[in-house]
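I opened a new page for this model and set out to look up confidence, one residue and the pockets. My notes follow the order in which I checked them.

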Amino acid sequence: MEQTNPLRPDGESKGGVLAHLERLETQMSKSCKQSEEPQSVQAQEGALGTKIHKLRRLRDELRAAVRHRQASVKASIANVEPTLAVEMSEQEVLEEKLENVKAVLQAYRFTGLSGKLTSRGVCVCISTAFEGTLLDSYFVDLVIQKPLQIHHHSVPVFIPLEEIAAKYLQTNIQHFLFSLCEYLNAYSGRKYQADRLQSDFAALLTGPLQRNPLCNLLSFTYKLDPGGQSFPFCARLLYKDLTATLPTDVTVTYQGVEPLSTSWEEQRASHETLFCTKPLHQVFASFARKGEKLDMSLVS
Amino acid sequence: MDTELAEVRALQAEIAALRRACEDQPAPWEEKSGVQKSFQAIQQFSSEGWKSSKDLKSQLGHLESELSFLSTLTGINIRNYSKQTEDLTGTEMTEKSIRKVLQRHRLSGNCHMVTFQLEFQILEIQNKERLSSAVTDLNIIMEPTECSELSEFVSRAEERKDLFMFFRSLHFFVEWFEYRKRTFEHFKEEIQIETPEF
């Protein structure tokens with residue numbers, strides 16, 4: 001740090017800021033020496049806290065000083081070299097534009113489709129979600145040449161990528177990507193529902209959830225009253241439409257020997273309907289809520 | 001105690017760097033002639049300034065073409081985006097290695113003649129096993145407001161907090177609308193040609 005003679009007239013303001021900072025620094029080194037003496041852990045922690053506080057203040061003051069100087073230098077240049085000042089502010093405009101463009105590019109992932117230009121072509125990123133929950137992303141790296149090719153990708157092997165590419169890739173990239181989006185979002189959504197069932201409602205399942213990698217065939221047994229005497233229901237959900245997150249075929253069967261009473265039969269039928277119309281984990285959430293009411297009605 | 005010591009070291013390093021910055025920059029009130037003053041300043045700025053301006057322009061060009069590609073691909077033209085982050089992790093959560101962050105996003109743009117403005121919140125919860133991200137609030141403002149089909153899928157998207165569904169529906173709706181308009185214009189022309197003059 002330059003030694004300033006505070007009596008020099010033109011060095012007045014400099015002496016002001018820098019001298020102030022020097023004073024802060026001296027205070028700092030004093031408290032440093034103090035904390036070097038052996039102290040209890042608590043006292044050391046307390047001293048550390050104060051030290052951090054002082055260091056932060058010193059840093060903030062220095063930051064302000066640097067900014068102040070930068071602004072003053074710019075102002076003085078503007079007086080002496082107006083064109084250079086204009087060029088500098090052009091640079092600032094460019095920088096601002098650049099920041100804005102970068103931000104907007106980031107924002108495209110919220111549309112479900114985003115990407116980057118590559119030396120070979122483009123790498124597209126497909127984001128998936130189920131209702132409000134954001135799930136995995138997948139990428140497809142395309143090489144721009146005739147014919148258009150997929151260089152590499154992270155799409156799971158059980159998604160019919162080649163089929164979709166054969167249909168649309170050469171004639172309409174947009175259609176290809178939208179279609180792939182549909183399949184990936186649906187797969188992500190089915191997987192999410194099955195995961196939630198396993199993690200949140202394990203208490204209502206009486207056996208392991210059986211599922212295939214594509215998560216379009218699920219099989220499980222469940223009981224509405226886990227501790228109760230009734231036999232469990234067995235559900236089989238088939239999602240024929242791979243772009244859908246609700247099953248197309250649902251069968252709920254009863255595993256007992258005796259025939260079902262009317263009320264239980266009604267239950268079984270209503271469950272089939274429920275599984276067809278509402279997401280899996282939400283159906284089980286309603287089971288869990290009704291569970292208490294159901295117990296009451298059985299007793300009476 | 002360790003994190004605090006680390007912070008002390010980081011602060012000391014930053015302070016040292018800031019000091020150097022103070023020293024390097026010529027203070028305009030130093031006693032030097034006007035020419036020498038500006039020469040120093042020009043030297044400092046131009047060494048970084050000229051080069052980076054060219055780099056900036058080419059960088060900007062590259063990113064703008066990326067933007068143009070995405071806009072064409074999605075059919076959505078995003079013009080503005082900003083984000084704020086708030087760390088909601090409490091001390092209890094830090095002990096259990098759980099981190100909670102609330103993001104506030106704002107974006108606006110257009111899809112042909114339809115303009116939109118979205119404000120939404122995403123809550124991120126990180127625990128030892130995984131990171132979960134969920135949209136906790138979604139507000140969509142559209143222009144024009146009179147179109148009932150538009151407002152229908154907008155309210156459904158808001159209800160389900162489904163961002164992707166909103167953008168997909170918007171794109172398809174506008175495309176369909178444009179197609180309908182073109183078809184109508186085409187038939188209008190045909191009818192005019194065939195209608196005899198009175």
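The entries below go from confidence to a single residue and then to the pockets.

Entry one, confidence. I noted that this is a predicted model. For chain A I read an average pLDDT of 84, with 80% of the residues at 70 or above. I then looked at residues 1-14 of chain A, where pLDDT stays under 50. For that stretch the model has 19 contacts beyond four places in sequence.

Entry two, B:Ser133. I located B:Ser133 in strand β4 of chain B, which covers residues 131-143. Is B:Ser133 buried or exposed? Its relative accessibility is 12%, so I put B:Ser133 down as buried, the cut-off for buried being under 20%. Leaving out neighbours within four places in sequence, I listed its contacts as A:Gly132, A:Thr133 and A:Leu134 from chain A, and B:Ile122, B:Leu123 and B:Glu124 from chain B.

Entry three, the largest pocket. I read a volume of about 670 Å³. Its lining has 26 residues, and A:Glu182, A:Asn185, A:Thr243, B:Met165 and B:Arg168 lie nearest the centre. Which element gives the most to this lining? I found α5(A), with seven residues. By class I recorded nine nonpolar, 10 polar and seven charged residues.

Entry four, the second largest pocket. Here I read about 520 Å³ and a lining of 19 residues. Those nearest the centre include A:Thr133 and B:Ser132. β3 and α5 of chain A and β4 of chain B each give two or more residues to this lining. The largest share, eight residues, comes from α5(A). I recorded seven nonpolar, six polar and six charged residues.

Note on methods:
Residues are numbered from 1 along each chain as its sequence is written. Chains are lettered from A and ligands numbered from 1 in the order in which they are written. This is a predicted model: local features need pLDDT of at least 70, side-chain atom pairs count only at pLDDT 80 or more; totals for chains, interfaces and linings use all residues. Side-chain values use heavy atoms; hydrogens and water are left out. pLDDT is the predictor's confidence in each residue, from 0 to 100. Contact means heavy atoms within 4.5 Å. Helices (H or I, at least four residues) and strands (E, at least two) are DSSP runs, numbered from the N terminus. Buried means under 20% relative accessible area, exposed over 50%, partly exposed in between (1.4 Å probe, protein chains only). On a 1 Å grid over the protein atoms alone, a cavity is a set of points where a 1.4 Å probe fits but cannot get out, and a pocket is an open set with protein on both sides within 12 Å along at least five of seven lines; lining residues have an atom within 4 Å of a point. Grid points are joined across faces, edges and corners, and a volume is the space filled by probe spheres set on the points. Ala, Val, Leu, Ile, Met, Phe, Trp, Tyr, Cys and Pro count as nonpolar, Asp, Glu, Lys and Arg as charged, and the others, Gly among them, as polar.
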